[in-house]
Amino acid sequence: MEAGIRIKSIMQPPGEQQRTIDFYSLGDYSFADGECRISYRETELTGLAGTVTDISVTRERVIVKRSGVLNSTMEFRVGEKSSFLLDTPYGSATMGIETRAINASFGDDGGELTVKYVMNIEHAVCSMNRLVIIVKLGS
């Protein structure tokens with residue numbers, strides 16, 4: 001179903017100013033059997049225009065898959081570390097994620113997701129991150 005989706009991404013690189021991207025997009029949302037799926041097109045604001053982001057949320061994990069100009073699949077599980085290949089037109093890099101917290105509350109009419117995580121490159125912290133997504137049907 002069509003939904004209004006607010007995406008807020010907050011990054012705090014060590015020793016630098018916090019960076020925030022906050023935008024609204026129309027996309028698709030579904031909720032069935034305890035799993036929610038969100039899909040939206042990235043914009044120029046994120047620097048990823050031409051990329052589609054698909055998010056799957058269950059009790060155990062969150063998967064964020066991007067395809068288009070940038071290709072990646074990030075998997076978040078509280079207390080676990082994972083890695084993913086970031087594939088861009090300029091080259092590829094292996095990135096690491098350590099998930100600190102996931103708070104998700106979704107139902108038939110939408111909901112909210114917050115993921116707190118640390119991102120690293122070659123085991124060096126490159127940023128503390130918080131991703132917040134709010135979904136409202138018919139918005």
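Colleague: What classes do the residues lining the second largest pocket divide into?
Modeller: That lining has five nonpolar, six polar and three charged residues. Charged means Asp, Glu, Lys and Arg; nonpolar means Ala, Val, Leu, Ile, Met, Phe, Trp, Tyr, Cys and Pro; the rest, Gly included, are polar.

Colleague: What am I looking at here, and how did you filter it?
Modeller: It's a predicted model, where local features need pLDDT of at least 70 and side-chain atom pairs 80 or more, while totals for chains, interfaces and linings use all residues. Numbering starts from 1 along each chain as its sequence is written, and side-chain values use heavy atoms, without hydrogens or water.

Colleague: And by class, what does the lining of the largest pocket have?
Modeller: 18 nonpolar, six polar and four charged residues.

Colleague: Back to the second largest pocket: which residues are closest to its centre?
Modeller: Met95, Gly96, Ile97, Asn120 and His123, out of 14 lining residues. (A pocket is an open set of 1 Å grid points where a 1.4 Å probe fits, with protein on both sides within 12 Å along at least five of seven lines; lining residues have an atom within 4 Å of a point.)

Colleague: Which elements give two or more residues to that lining?
Modeller: Strand 7, strand 8 (91-107) and strand 9 do. Strand 8 has the largest share, with five residues. Strands here are DSSP E runs of at least two residues, numbered from the N terminus.

Colleague: Which residues lie nearest the centre of the largest pocket?
Modeller: Ser9, Met11, Arg66, Tyr117 and Met119, from a lining of 28 residues. Several strands each supply at least two lining residues, among them strand 1 (2-12), strand 2 (19-32), strand 9 (110-121) and strand 10 (124-137).

Colleague: Switching to the fold, in what order do the strands sit in the sheet?
Modeller: The 10 strands run 6-5-4-3-2-1-10-9-8-7 in an open sheet, with antiparallel pairing. Strand 6 and strand 7 are the edges, each pairing on one side only. Pairing needs at least two DSSP bridges between two strands.

Colleague: How many bridges join strand 3 to strand 4?
Modeller: Six, between residues 35-41 and residues 52-57, running antiparallel. Within that pair, Arg37 of strand 3 stands opposite Ser56 in strand 4.

Colleague: Which loop is Asp33 found in?
Modeller: Asp33 sits in the loop between strand 2 and strand 3. Its phi is near 50°, a positive value in a residue that isn't glycine.

Colleague: Is Asp33 buried or exposed?
Modeller: Asp33 is exposed, at 84% relative accessible area. With a 1.4 Å probe on protein chains only, exposed is over 50% and buried under 20%.

Note on methods. Helices (H or I, at least four residues) and strands (E, at least two) are DSSP runs, numbered from the N terminus.
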